[in-house]
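Visitor: I would like a close look at a single part of this model, followed outward to whatever surrounds it. Please keep the account plain.

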Amino acid sequence: MNARLLPYMLILPVTLFLCLFFLYPFVLVAKQAFTTGAGFTLDNFREVVSYWKFPISLKNTLLLAAAVVPIQLALSLLMATMVTRMEKGRDLVLYVWTIPLGISDLAAGLIWLAIFEQSGFLNSMMHGMGIVDKPANLLTFQNPGLVFVAIALAEIWRATAIMLVILVAGIGLIPKEYYEAAEVFGASPWKRFVRITLPMLRPSLQTALVLRVIMAFEVFAVVAALGGTLFPVLMGETYAYQFDLLNSGAAAAMALVILAISIAATLVILRALRVPKGATI
Amino acid sequence: MTDATVAEAPAAPSTRSAGRFLYISGVVLLCAWVLVPIYFLLVNTLSSPNTVNSFPKPLFPEFDFGSLAFFAQFAGMLTALKNSVLTAGMTMIMSILIGAPAGYALSRFDFRGKELFRLLILLTRAFPLPLLALPLAVMFIQTGLDDTTFGLALVHTTLAIPFAVLITFSLFSGIPLELEEAAWTLGCTRLTAFTKVVLPLILPGITASAIFAFVISWNEVFAAAVLTIENRTLTAFLLQNLDTSPLHLKFAGGFILVVPALIFIFAVRKYLFAMWGIANR
C-alpha cells in the first residue's frame, strides 16, 4: 500500500466518526438554539435566561465548581506527592485512590445518599454518640447549606481521582536530576515542590484542570441523587427542558450556554498555566 | 504537604518518626476516605429492605439478600441491566476498532495535518460531550436509531474514542519501530509485521483501553437518559426512578453500578497512568 496514504487511511474512520457524531451535532444544536421555526432568533436564549430558575442554577453550578475544584487540586497534589515518595504498597494505595475513577456520578450520588439520608449513616452515628435522639431529615430545603456540603463532598470524593492520575503521570515525567541538583544546593522539600514540581507540572495541571472544570459544569447525576430539585444546576435544567417541558429549542440554548462557560474556563486555564515559549521539559 | 516535609527534614530521630507517623496516618486516612463510603453502600445492599429503611443503621452488613432480590425482580430492572451491558459492549468494540488505527498512525507516521488531527481529538475531550445527545435525539428519530442500544452506543463511542486514540497512541509509542523494521527485513509485509509482531505485544494494553471504554459507557448517565425511553440502561433507569423508588432499590442499584467499576479499574490500573504521561505533552 502507498506509504504516504496509509496514515490518512488509518485516521479516516475516527475523522468520519467524529465529524458525524461530534461536529455535525454541534452544528445541529447551534441551529436548534438559534431558530424557533422561522429564521434566526435569540428567543430561545431570552426565554432560558429570563426563567426564574436560571440565575439560581448558574450560581449553584459556578459556586459548586469554585468550592470543589481548588480543594481537589490541593488534595490531588498532596496525594500525588505522597505516592511518589512511597516505596512499599504504592500499587495498592494508588489502586484504592483511583477507585472512584470507575464509579459513575449517579452511583457516587447514591453512595453519599446512604450517608446523608434521614435513616442514613451520619444520623445513625450521631445517634450512637448521643448527639441527636431522633434522626433529622438533613437533605431538605431548610438546610440549603447541608445540601450543598453533601453534594460538594460527593463531587470531591468522586472526581479527585482523575486529577490524581494525570498528576501522578506528570510527576513521573519530571527528570530526577533536577531534584538531585536542588538537594545538592540545599533546597528544602517544600522549596523543591514549589520550584521544580509545580512549574514542571504545568502541562499536566492544565489537562487536569481543564478536564475537571468542564466536568464540574456538567454536574448532574450527583445533584439529582442528593439534592433533587433542591439544588438546581445548569445540566439538570437542560434535562428538565428536554423532558419535563418538552422544549428542545430551550434545551439547545442551555447546552450552548454550558458550552460557552466551558470554553471560557478552558481558555482562562490554558492562559494562566501556559508554558513559556522556548521552555521545554 | 506538611507531613511529607517533616518526614524528609534532617531532624532529631523523634521528630523524624513523628513525621513518618503523620505521613502514614495521612495515607491511611485518605484510603479510608475513599473506601468507607463504598463500605456503607455495601452494608446497605447486603441488608434486608426493612433494615435499610430503619433507624439507626447497623455498621455491619447482616448478609441478607432481600434488597438484591427485590432489585432483581423489580419490573424492567434486569432488562435495563442487559441494555447497559449491551451498550457498553458495543461501545468497547467500536471505540477500539475505530480508535486504535488512529493511535497507530499518530505513533508511527509524520503526516501533514497530524497536529490538526491531534487538536480535534483533544478538542472532543474538552467539550461537554453529553450535550451532543440533544441534537442526536432528533437525528436518531429521523434514522430510526432512537431508543436503541446501538444508537446510544454510538454516542458513548464518541465519548470513549478520544481516550481510545490517546491510550493506543501511547501504547504503540512504547513499542520500538525497530521491531517492526526487523520483521520487514525478514520478509513480513506491513500487515503481517503488525499482526505477528506488534499485535501480540500490544494486546494487553488494547484490552485495557477496551475496558476503559466499557466503563465510560457503563457509567454514563445524561446521554443515556436523553436517548432511551423504553430501552433504558441501568443508569438511566435508576435516574428516572430516583423520586419514586424505595431506598433499598436505589442502594442495590448503586451497588450493581459500582461492582464492575471496582473490578475493571483493578484490571486496568497499570495503564491508567501510561496514557496521561505521553498524551499530555
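Where does α1(A) bend, and by about how many degrees?

Guide: The model is a predicted one. In it, α1(A) bends at A:Leu12, by about 40°. A proline comes within four residues after the bend, namely A:Pro13.

The helix itself runs over residues 6–34 of chain A and has 29 residues. From its first C-alpha to its last it reaches 41 Å, which is close to the 42 Å expected at 1.5 Å a residue.

Next, its buried positions. Among the buried residues of α1(A) are A:Ile11, A:Val14, A:Leu18, A:Phe21, A:Phe22 and A:Val29. Two prolines, A:Pro7 and A:Pro25, are buried as well, and so are A:Gln32 and A:Ala33. An α-helix has 3.6 residues a turn, so residues three or four places apart point the same way.

The cover over these buried residues includes elements of both chains. From chain A it includes α2 (43–50) and α13 (248–272). From chain B it includes α5 (77–108), α6 (114–125), α7 (133–143) and α8 (149–173).

That leads to the contact between the chains, in which 75 residues of chain B meet 83 residues of chain A. On the chain B side, helix α13 (residues 247–279) gives the most, with 16 residues. By class, this side of chain B has 56 nonpolar, 13 polar and 6 charged residues.

As for the interior, the largest nonpolar core has 159 residues, and A:Leu226 and B:Ala133 touch the most other members. Helix α7 of chain A (residues 144–172) provides the largest share of this core, 16 residues. Domain 1 (2–67) and domain 2 (74–279) of chain B each give the core at least three residues. Apart from neighbours within four places in sequence, B:Ala133 is in contact with B:Val155, B:Phe222, B:Ala223, B:Val226 and B:Leu227.

The two domains of chain B, 2–67 and 74–279 in the domain assignment, also touch each other, with 9 residues from domain 1 and 7 residues from domain 2 in the contact. On the domain 1 side, α2 (13–45) and α3 (49–53) of chain B each supply at least two residues. The largest share of that side, 5 residues, is from α2(B). The side of domain 1 that touches domain 2 in chain B divides into 5 nonpolar and 4 polar residues, with no charged ones.

Conventions
Residues numbered from 1 in each chain as written. Chains lettered and ligands numbered in written order. Predicted model: local features only at pLDDT ≥ 70, side-chain atom pairs only at ≥ 80, totals over all residues. Expected span 1.5 Å × (residues − 1). Bend = angle between axes of the 7 residues up to and from the residue. Buried ≥ 20, exposed ≤ 12 C-beta atoms within 10 Å, placed from the backbone. Contact = placed C-beta atoms within 7 Å. Core = buried A, V, L, I, M, F, W, Y, C linked by C-beta atoms within 7 Å. Domains from an automatic or database assignment. Nonpolar A, V, L, I, M, F, W, Y, C, P; charged D, E, K, R; others polar.
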